[in-house]
Amino acid sequence: MPASSKSGPGTGPSVRASGSAEAGGPGGRIARSADAEGGKAVLDSADIGRALTRIAHEIIERTKGAGDVVLLGIPTRGVPLARRLAERISQVEGHSLPWGSLDITMYRDDLRMRPARALGPTHVPAEGIDRRTVVLVDDVLYSGRTVRAALDALNDIGRPRAVQLATLVDRGHRELPIRADYVGKNLPTSQHEVVRVLLEETDDEDTVLLSQGAAAGDPRNDPDADSRSDPRAGPRDGWRSDVRDDPRAESPGDSPQHIARGQS
Amino acid sequence: MNRHLISAGDLTRDDALLILDTADELARMSDRPIKKLPTLRGRTVVNLFFEDSTRTRISFEAAAKRLSADVINFSAKGSSVAKGESLKDTAQTLEAMGADGVVIRHSASGAPHRLAGWVRGSVVNAGDGTHEHPTQALLDAFTMRRRLGRLEGLRVTIVGDILHSRVARSNVLLLHTLGADVTLVGPPTLQPVAVDTWPCAVSYDLTATVPKSDVIMMLRVQQERMKAAFFPSVREYSRRYGLDAARMGMLPEHAIVMHPGPMNRGVEIAAEVADAPRSTVVEQVANGVSVRMAVLYLLLGGMAVPA
């Protein structure tokens, strides 16, 4: 796609106001081509493990033993992260920690901008969330819109004593007054760039990839899409459940990582 | 997937499974203290009911309200239809009011199809004549999957007045798409003419079919649509095609008994069968709300797809 690969400042209208067009990028950057699917590994498996262990200890410290903590992961990749944090905290504190998942699809503020999408699972632990400290867990914190939606969703489930936020990667560019309480890694990015968290449970490996961005208006570079979108899935097609459920549904032939490695 | 839901046959396997999976997630919400989602805030759903209905209309109304849509109920009685207004004029009125979704029940087969050509919003068929009732088929499939854990390879027997049944038509299409094996049972006079072209088996012998069923779905004899004598007497019909305790005893251990309602106790289903633990009649009503929420969300929740 040679035409779209040279989207300098002002080339073509940006589909989303907050997309990459207004900032302008380095000329001739790669966009929407197969090699843009990969990226540079900024965290490897060991880094992710250490970051989660540190976050687990910070949660214990901040909540004085995590006695009333409920961890709620935001699908897709927040859920395995919540489980891992719960395991680590249990190991240290010797008591099991309730954890679950909180789907925020129905609370999104951009529902009308794309076709309806499939729902993720919501499992609130039997203990409930009333008068407890809820720690929301997500993979990437970007615009903050996902977290806003999650706060609304929590509101309909109960009344926690406090809500905190843990994220594996904070990439900046907040559009709402929201900050994380626990951060695995602060990753300064430009809005052109794409941050992708891959996890053993969903992607068969643990790594965080930073790649040069996609073309302006590409949903993969949409801050609204935040941590929830699976960048490999590309634009969502509302009525296809496979897009969301199987991150490997798209591009069966070209393995993004392997191309990325070669490039970087 | 289309913008409208007119026929169960329009749904691909993926579409149907997406609706059922979405309904599964939404069903979990009914245990919550606040049974409401903000998803369809600011959208208008019109319930356009030209034919009497309690279950379906209330179900659609509850579904739309739980998604925070504004609901306008319209019934033919007490409206300008009683003064002779045509469907097209009614459609233009809806258009002027800016309805995002129209749920229509009509005694004429094909009315929702016509309406879909006249309005910009999504049209959901809530039963048209003797044609189709796709959300009923979806909630039936949902109930089967919840009770029995699967649909693939399930042996489903649908018994009774197939000829006049939109529920049977939609169920045959949907269950075929989802991989179940459907057998239609009823007197030859109540089987449609071209039933041999449908993707299902046909039988006239209920007693022989019962032991080979995982699901048995009893249909009401629709006297109001009958313009001729289709069977000698209600008593004879009930003896040959009604589900009584004796026949229920021949069902496999795990099998369930379904009925889309309203039931005629003592005709197609005995009272003791309708109230048996394996009867899912009440469950079907509850599941109806979740399934209709899923349909409304998937049709109206996202960006409008250009026609």
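A crossing of two helices is called right-handed if the near helix is turned clockwise from the far one by less than a right angle, and left-handed if the turn is anticlockwise. With that convention in hand, begin the tour of this predicted model by selecting α1 and α5 of chain B, whose crossing is right-handed.

**First stop: α1 and α5 of chain B**

Turn the view until both axes can be followed; the axes of α1(B) and α5(B) come within 10 Å and cross at roughly 65°. Show side chains for Ile19(B), Leu20(B) and Ala23(B) on α1(B), and for Leu138(B), Ala141(B), Phe142(B) and Arg145(B) on α5(B), since these residues make the contact. By class, this contact holds six nonpolar residues, no polar ones and one charged residue.

Now keep α1(B) alone on the screen. Its 16 residues extend 23 Å from the first C-alpha to the last, close to the 22 Å expected at 1.5 Å a residue. Which residues of α1(B) are buried? They are Ala16(B), Leu18(B), Ile19(B), Leu20(B), Thr22(B), Ala23(B) and Leu26(B).

**Second stop: α5 and α11 of chain B**

Bring α5(B), residues 134-148, back into view together with α11(B): this pair packs at an angle of about 115°, with axes 8 Å apart, and the crossing is right-handed. On the α5(B) side, select Thr135(B), Leu138(B), Leu139(B), Asp140(B), Phe142(B) and Thr143(B); on the α11(B) side, select Glu283(B), Gln284(B), Asn287(B), Gly288(B), Val291(B), Arg292(B) and Val295(B), which complete the contact. The residues of this contact divide into five nonpolar, five polar and three charged.

**Third stop: the two domains of chain B**

Colour chain B by domain, with domain 1 covering 8-133 + 285-300 and domain 2 covering 134-280. Taken over C-alpha atoms, the centres of domain 1 and domain 2 of chain B are 25 Å apart. Where the two domains of chain B touch, domain 1 contributes 24 residues and domain 2 contributes 21 residues. On the domain 1 side, the elements that give two or more residues are α1, β4 (122-128) and α11 of chain B. That side of domain 1 of chain B has ten nonpolar, nine polar and five charged residues.

**Fourth stop: where chain B touches chain A**

Display both chains and select the residues in contact across them, which are 20 from chain B and 21 from chain A. On chain B, α1 (13-28) and α11 (281-300) each supply at least two residues of the touching side, and α1(B) gives the most, with eight residues. How does the side of chain B that touches chain A divide by class? It has ten nonpolar, four polar and six charged residues.

**Last stop: chain A**

Hide chain B and draw chain A as a cartoon, where the secondary structure comes to six helices and eight strands. Followed from the N terminus, the elements of chain A run β-α-β-α-β-β-α-β-β-β-α-β-α-α. Of the 264 residues of chain A, 47% count as buried, and among contacts in chain A between residues at least 6 apart in sequence, 71% join residues at least 24 apart.

Finish by selecting Arg83(A), which lies in helix α2 (residues 78-93) of chain A. Arg83(A) counts as partly exposed because 18 C-beta neighbours lie inside 10 Å, whereas 20 or more would be needed for a residue to be buried. Add Gly100(A) to the selection: Arg83(A) and Gly100(A) are 17 residues apart in sequence, and their C-alpha atoms are 7.7 Å apart in space.

Conventions:
Residues are numbered from 1 along each chain as its sequence is written. Chains are lettered from A and ligands numbered from 1 in the order in which they are written. This is a predicted model: local features need pLDDT of at least 70, side-chain atom pairs count only at pLDDT 80 or more; totals for chains, interfaces and linings use all residues. Two residues are in contact if their C-beta atoms, placed from the backbone, lie within 7 Å. Helices (H or I, at least four residues) and strands (E, at least two) are DSSP runs, numbered from the N terminus. Ala, Val, Leu, Ile, Met, Phe, Trp, Tyr, Cys and Pro count as nonpolar, Asp, Glu, Lys and Arg as charged, and the others, Gly among them, as polar. Domain bounds come from an automatic or database domain assignment. The expected span of a helix is 1.5 Å times one less than its number of residues. A residue is buried if 20 or more other C-beta atoms lie within 10 Å of its own, exposed if 12 or fewer, and partly exposed in between; C-beta atoms are placed from the backbone. Axes are lines fitted to C-alpha atoms, for helices over the stretch in contact, and angles run from 0 to 180 degrees between N-to-C directions.
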